[in-house]
Amino acid sequence: MSNVVSQKLSFIRQPEIQSLLREGAGLNAPAGDERVKAIVHQLLENICGLIEEYNISEEEFWHGVNYLHELGGQKEAALLAAGLGLEHFLDLRQEAIDAASHGVEGTPRTIEGPLYVANSPLSEGFARMDDGRDRGEVMWLHGQVNNTQGEPIANAIVDIWHANTLGNYSFFDKSQSEYNLRRRIRTGADGRYSVRSIVPSGYGCPPEGPTQKLLNLLGRHGNRPAHIHFFVSAPGYRHLTSQINLSGDKYLWDDFAFATREGLIADPLKVTDRSLIEARGLEGEHTEVRFDFTLPAALSVDEEQRINRPRVGE
Ligand code: MBD
Ligand code: FE
């Protein structure tokens, strides 16, 4: 081979090194998994190529190994995957695959992120999500789940989670009550869901954590705009993982996790109308956020389920 890369990477091209990479990946062992072997082999080759190309010192190498220990020890690997854009990449790739079979229809998907907790309390039509201890602005969040013909979907489960006014999520923030700001709503025949909650603030990565440490070296911030996460599912329809972002946030189009998308932005509305306040059983002025979902029909039962990934509470 005489391309630029192979000329530059002359050390790892030596037969002795190539043989070491094959041995390391178990290519000569009869047992094991072929796919894992192939992937690990290429991974080893890529790592050794980087070491050669960037002249990575032994000290830098062990520093990197220790960084993985820090990342795992503080359970920030999924946070870093979001911050490096890898989780958004998976969305873009899956969307391109899906477009081929479904066309482009329905509410856009966007990343789940690392802060979901399964099995939050389930209510019919309406729930209050906050425990009343965070004196943030009251938020009335509501909308309708529809099919692509615009008809309401009954028995859809709208699983909602969001941060408090400090940008923190219950469970991960032990100062909050269990399942605070986490609820599941089942829609009735009208396809509607509504919740009373508090307006969330944007999230910021733990400033002393390993994710922020790397982001600093990249010259990047670790902030997200104010957002609300959703899983929306219903029998016969495609599972949707998405989020809405609140317009007006300074990070709306500068999300460190790249989750903001056209079609996923909601405009918070100030409600002062007395009769509307009373109809909602609220005490006074509040912020209304309306967001409707459109779910395409599922082509298989698999598509009705969220992807499997390790989650708290499952
Ligand atoms: C969040 O709240 C979030 O949604 C993501 C993707 C990453 C970090 C914090
Ligand atoms: Fe979030």
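**Lys75**

I began with Lys75 in this predicted model, and at 77% relative accessibility I count Lys75 as exposed, because the threshold for that class is over 50%. I placed Lys75 in the loop between helix 4 and helix 5. I then looked up its backbone and found a positive phi of about 50°, although Lys75 is not a glycine. I note beside this that most residues other than glycine have a negative phi.

**Phe258**

Which other residue did I find with a positive phi although it is not a glycine? Phe258 has one, of about 60°, and I located Phe258 in the loop between strand 8 (240-246) and strand 9 (265-266). With a relative accessible area of 36%, Phe258 is partly exposed. I checked what Phe258 touches beyond residues up to four places away in sequence, and listed Ala82, Gly83, Leu84, Gly85, His88 and Arg220. I also took the C-alpha separation of Phe258 and Leu86, which comes to 9.4 Å for two residues that are 172 residues apart along the chain.

**Helix 6**

His88, which I had just listed as touched by Phe258, sent me to helix 6, where His88 is buried along with Glu87, Asp91, Asp98 and His102. Seen down the axis of helix 6, these buried residues fall within an arc of 90°, so I describe them as lining one face of the helix. As a reminder to myself, an α-helix has 3.6 residues a turn, so residues three or four places apart point the same way. On the face of helix 6 turned away from the buried side I found the exposed residues Ala96 and Ala100. I then asked what the buried residues of helix 6 pack against, and the entry I wrote down is helix 5 (77-83).

For the length, I noted that helix 6 runs over residues 86-102, has 17 residues, and reaches 24 Å from its first C-alpha to its last, close to the 24 Å expected at 1.5 Å a residue. The residue that follows helix 6 is Gly103, and its phi is positive, near 75°.

**Helix 7**

In helix 7 (residues 210-217) I recorded Pro210, Thr211, Gln212 and Leu215 as the buried residues. Their cover includes helix 4 (58-73) and helix 5. Just after helix 7 I found Gly219 with a positive phi of about 70°.

**Ser201**

I went back along the chain to Ser201, in the loop between strand 6 (192-198) and helix 7, and found Ser201 partly exposed, with a relative accessible area of 25%. Where does the side chain of Ser201 have a polar atom 2.7 Å from a backbone oxygen? The oxygen is that of Thr165, and the C-alpha atoms of Ser201 and Thr165 are 4.8 Å apart in space, with the two positions 36 residues apart in sequence numbering. Leaving aside neighbours within four places in sequence, I listed Ala163, Asn164, Thr165, Leu166, Gly167 and Ala226 as the contacts of Ser201.

**Iron ion**

I next looked up what coordinates the iron ion (ligand 2), and found Tyr169 through OH, His227 through NE2 and His229 through NE2, at 1.9 to 2.1 Å. Along the chain these donors follow the spacing Y-x57-H-x1-H. Are the two histidines buried or exposed? I found His227 buried, and His229 buried as well.

**Glu288**

Glu288 sits in strand 11 (residues 286-290), and I count Glu288 as buried because its relative accessibility is 11%, with the cut-off for buried at under 20%. Its side chain makes a polar contact with the side chain of His142 at 3.0 Å, and I found another with the side chain of Arg280 at 2.9 Å. His142 and Arg280 also appear among the residues that Glu288 touches, and beside them I noted Trp140, Asp267, Pro268, Leu269, Val271 and Leu276, not counting residues up to four places away in sequence.

**Domains**

Last, I looked up how the protein is divided, and wrote down domain 1 (1-56) and domain 2 (103-304). Between the centres of domain 1 and domain 2, taken over C-alpha atoms, I have a separation of 44 Å.

Conventions. Residues numbered from 1 in each chain as written. Chains lettered and ligands numbered in written order. Predicted model: local features only at pLDDT ≥ 70, side-chain atom pairs only at ≥ 80, totals over all residues. Heavy atoms only, no water. Donors = N, O, S within 2.8 Å, 3.2 Å for Na, K, Ca; no water. Buried < 20%, exposed > 50% of the residue type's maximum accessible area, 1.4 Å probe, protein only. Helix = DSSP H or I, 4+ residues; strand = E, 2+ residues; numbered from the N terminus. Expected span 1.5 Å × (residues − 1). Arc of directions from axis to C-beta. Contact = heavy atoms within 4.5 Å. Domains from an automatic or database assignment. Polar contact = N/O pair within 3.5 Å; in protein donor to acceptor, adjacent residues only side chain to side chain.
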